[in-house]
Amino acid sequence: MSKLFVKNGELYDSKGVKQKLEFGNAEQIEAIRKYESKMKAFQKGLVLEPEYEIEATVEFQCTCGANKSVTKDVDTTDDLSDFDGYILNCKCGQNYEIELNDKDELIVKINL
């Protein structure tokens, strides 16, 4: 793979040093062809696929007064299933489990 790239119509190495064009230099030819290919694709228009990153956080207060929270990466704002079955342990020794009920609501229950 070529360590050369084209910037502002000039050829540079990976350290950003401008390179003098050499007739028949295979590495330079490869870098220029790669640049031409990318330019054609951008001129035609590239289709972009967005990636969505959504975080959801639930918070509650333990019986001892400590604030507890859990943050999960979710696919959509409606996706709460990642919280279902999650167990939290408080420093006081109390254990809690987050559940998704039949109304698609998150509830926290104390594990006795």
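Start with the nonpolar surface patch: select Phe 42, Leu 46 and Leu 48, which together make a patch of about 370 Å². Patches are built from residues with over 30% relative accessible area and no salt bridge, joining like charges within 9 Å and nonpolar side chains (Val, Leu, Ile, Met, Phe, Trp, Tyr) within 5 Å. Accessible areas come from the Shrake-Rupley method with a 1.4 Å probe, and for residues only the protein chains shown count as cover.

This is a predicted model, in which local features need pLDDT of at least 70 and side-chain atom pairs count only at pLDDT 80 or more, while totals for chains, interfaces and linings use all residues. Residues are numbered from 1 along each chain as its sequence is written, and side-chain values use heavy atoms, with hydrogens and water left out.

Stay on Leu 48, in the loop between helix H1 (26–44) and strand E3 (54–61). Helices (H or I, at least four residues) and strands (E, at least two) are DSSP runs, numbered from the N terminus. Leu 48 counts as exposed because its relative accessibility is 71%; the classes are buried under 20%, exposed over 50% and partly exposed in between (1.4 Å probe, protein chains only).

Next, follow E3 into its hairpin. Strand E4 (residues 67–74) runs antiparallel to E3, and eight bridges join the two; strands pair if DSSP finds at least two bridges between them. Select Val 58 and, opposite, Val 70 in E4. Five residues separate E3 and E4 in the hairpin, and Gly 65 in the turn has a positive phi of about 100°.

Now turn to the aromatic rings. The structure holds two aromatic pairs. Rings of Phe, Tyr and Trp (its six-membered ring) pair if their centres lie within 6.5 Å; planes under 30 degrees apart count as stacked, over 60 as edge-to-face and the rest as tilted. Phe 5 and Tyr 12 are stacked, 6.0 Å centre to centre with 25° between the planes. Phe 5 is partly exposed at 33% relative accessible area, whereas Tyr 12 is buried at 15%. Phe 60 and Tyr 96 form an edge-to-face pair, 5.0 Å centre to centre with 65° between the planes. This pair links distant parts of the chain, with Phe 60 in strand E3 and Tyr 96 in strand E6 (residues 95–100), 36 residues apart. Both Phe 60 and Tyr 96 are buried.

Return to Tyr 12 and add Lys 7, which lies over the face of the ring at 5.0 Å from its centre. A charge sits over a ring if NZ of Lys or CZ of Arg is within 6 Å of the ring centre and within 35 degrees of the ring normal.

What does a search of the whole structure find by way of salt bridges? There are two, a salt bridge being a side-chain nitrogen of Lys or Arg within 4 Å of a carboxyl oxygen of Asp or Glu. Select Lys 18 and Glu 10, whose closest N and O atoms are 3.5 Å apart; Glu 10 is partly exposed at 32%. Then select Glu 99 and Lys 109, with closest N and O atoms 3.5 Å apart. Glu 99 lies in strand E6 and Lys 109 in strand E7 (residues 106–111), so the salt bridge ties together parts ten residues apart in sequence. Glu 99 is partly exposed at 24%, as is Lys 109 at 42%.

End at Lys 91, in the loop between strand E5 (87–89) and E6. Lys 91 is exposed, with a relative accessible area of 80%. For a last distance, add Lys 44: Lys 91 and Lys 44 are 47 residues apart in sequence and 58 Å apart in space, C-alpha to C-alpha.
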